[in-house]
Amino acid sequence: NISYPVAGKTHAPHGVLLAALLPTVLEFNLPVRAERLARIAELLGEDVEGLSAADGAQRGIAAIRSLIKDIQLPSTLKELGLDKKDIPGIAQLAMPVLSALPWNPRTTSLEDLIEIYNRAYE
């Protein structure tokens, strides 16, 4: 789980870290999971009738972001106290963990992981 190295820096609870990372990870996986993410939008009460799978997926991700804010969880790594300069190092630490967890639908490089963390930061 890519939250583990962030936890080492921020000491934030695991579930809070997952909430801060989830929307960005879903965006990363959208190209290969649009239909499933569009279904999440439906389950969260979003109207996706007539939308492409990608547009429905975007609505699903937006609904998840909204839910995270509604329940007042931190929604960025910055809010959790991560220093942006630490991102390359935590990405390096996460790569072996990511390799040991092969179920992500997209292969993820170090550069991808740095981008995910950077996008989750702001």
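1. In this predicted model, Lys9 and Asp86 form a salt bridge in which the closest N and O atoms are 4.0 Å apart. Lys9 belongs to helix H1 (residues 4-10), whereas Asp86 sits in the loop between H3 and H4, so the pair ties together parts of the chain that are 77 residues apart in sequence. The pairing is worth reading with the cut-off in mind, because a salt bridge is counted here when the side-chain nitrogen is within 4 Å of the carboxyl oxygen, and the distance given for Lys9 and Asp86 is 4.0 Å.

2. The two partners of that bridge should also be considered by their accessibility. Lys9 is partly exposed, with a relative accessible area of 46%, while Asp86 has a relative accessibility of 18% and counts as buried, because the term buried applies under 20%.

3. Asp86 has a further partner, since its side chain also meets that of Lys85 in a salt bridge, at 3.5 Å from N to O. Lys85 is exposed, its relative accessible area being 62%. Through salt bridges that share partners, Lys9, Asp83, Lys85 and Asp86 are joined into one network.

4. A separate pairing concerns helices H2 and H3. Arg65 forms a salt bridge with Glu27, and the closest N and O atoms lie 2.9 Å apart. This pair links distant parts of the chain, with Arg65 in helix H3 and Glu27 in helix H2 (residues 14-43), 38 residues apart. Arg65 counts as partly exposed, at 31% relative accessibility. For the structure as a whole, the search finds 6 salt bridges, among them the Arg65 pair with Glu27 and the Lys9 pair with Asp86.

5. Helix H1 deserves a second look at Thr10, which is placed in this helix. Thr10 is buried, with a relative accessible area of 14%. Leaving aside residues up to four places away in sequence, Thr10 touches Leu17, Leu80, Gly81 and Leu82. Helix H1 therefore holds both the buried Thr10 and the partly exposed Lys9.

6. On the surface, Leu44, Leu67 and Ile71 make a nonpolar patch of about 270 Å². Of these residues, Ile71 lies in the loop between helix H3 (53-70) and helix H4 (87-100), and it is exposed, with a relative accessible area of 52%. The loop between H3 and H4 thus contributes Ile71 to the nonpolar patch and also carries Asp86, the partner of Lys9.

Technical notes. Residues are numbered from 1 along each chain as its sequence is written. This is a predicted model: local features need pLDDT of at least 70, side-chain atom pairs count only at pLDDT 80 or more; totals for chains, interfaces and linings use all residues. Side-chain values use heavy atoms; hydrogens and water are left out. Patches are made of residues with over 30% relative accessible area and no salt bridge: like charges are joined within 9 Å, nonpolar side chains (Val, Leu, Ile, Met, Phe, Trp, Tyr) within 5 Å. Accessible areas come from the Shrake-Rupley method with a 1.4 Å probe; for residues, only the protein chains shown count as cover. Helices (H or I, at least four residues) and strands (E, at least two) are DSSP runs, numbered from the N terminus. Buried means under 20% relative accessible area, exposed over 50%, partly exposed in between (1.4 Å probe, protein chains only). Contact means heavy atoms within 4.5 Å.
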